[in-house]
Amino acid sequence: MTENVYTIREMCDEFDVTPRTLRFYEAKELLFPQRDGQKRLFTKRDRARLGLILRGKRFGFSLEEIRQLLDLYYLGDQQETQLAKTYEVAQKHLREMIEQRDELNDAIDELKEQLAWGEKRLKELRNAPAA
């Protein structure tokens, strides 16, 4: 083998994932390590794919979306289709993330109002003369 390969431990250390995670991604056909007996050996291609998988997950992409987008790499069109589809899916996820953020901001504002009301009411109760 002339190609640089990385052990499962090296991959785990570099990307802060568990061996179980790497095996799971392999089972989902996202990674394709070489086998040397029981050992899994990962190539530069696997390292790049893992980086993309983890970034996609961070952005809310499903594993199936990630797999489909990664598979578009091999169409032979200089990744134009892959980039266009990734852009489309990313736009959808960005809209969803903004909507979730806005909903969370609304909930935070409402909770702050409730806390302010509660704090005011507690002060009133504590300062009220005993009956």
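Start with the contact between the two domains of this predicted model. Select domain 1, residues 1-74, and domain 2, residues 79-131, as the domain assignment of the protein chain gives them. With both coloured, look at where they touch: 8 residues of domain 1 are in contact with 10 residues of domain 2. About 800 Å² is buried between the two domains, and 65% of that area is on carbon and sulfur atoms.

Stay at this interface and show side chains. How many salt bridges are there between domain 1 and domain 2? The count is 1. To see a salt bridge, select lysine 92 and glutamate 65, whose side chains meet with an N to O distance of 3.3 Å. By the bounds of the assignment, glutamate 65 falls in domain 1 and lysine 92 in domain 2. Polar contacts come next: across the interface of domain 1 and domain 2 there are 5 residue pairs of this kind, with both residues at pLDDT 80 or more. Now keep just the side of domain 1 that touches domain 2; its residues divide into 6 nonpolar, 1 polar and 1 charged.

Next, zoom out and switch to a cartoon of the protein chain. The secondary structure comes to 5 helices and 3 strands. Following the chain along the sequence, you pass through them in the pattern β-α-α-β-β-α-α-α. The radius of gyration is 24 Å, well over the 14 Å that the globule rule gives for 131 residues, so the chain is more spread out than a compact globule. Turn the view to the principal axes: the C-alpha atoms fill a box of roughly 85 × 35 × 20 Å. Placing a marker at the C-alpha centre of each domain puts the two markers 34 Å apart.

For the last stop, select helix H5, residues 80-127. Which residues here are 3 residues apart, about one turn of the helix? They are glutamate 88 and lysine 85, both in helix H5. These two residues form a salt bridge, with their closest N and O atoms 3.2 Å apart. If you want to go on looking for such pairs, the count of salt bridges comes to 11.

Methods
Residues are numbered from 1 along each chain as its sequence is written. This is a predicted model: local features need pLDDT of at least 70, side-chain atom pairs count only at pLDDT 80 or more; totals for chains, interfaces and linings use all residues. Side-chain values use heavy atoms; hydrogens and water are left out. Domain bounds come from an automatic or database domain assignment. Contact means heavy atoms within 4.5 Å. Buried area is the accessible area (1.4 Å probe) that two parts lose on being put together, summed over both. A salt bridge is a side-chain nitrogen of Lys or Arg within 4 Å of a carboxyl oxygen of Asp or Glu. A polar contact is a pair of N or O atoms within 3.5 Å; within protein, one must be able to donate a hydrogen and the other to accept it, and residues adjacent in sequence count only if both atoms are side-chain atoms. Ala, Val, Leu, Ile, Met, Phe, Trp, Tyr, Cys and Pro count as nonpolar, Asp, Glu, Lys and Arg as charged, and the others, Gly among them, as polar. Helices (H or I, at least four residues) and strands (E, at least two) are DSSP runs, numbered from the N terminus. The radius of gyration is taken over C-alpha atoms; the globule rule is 2.2 Å times the number of residues to the power 0.38.
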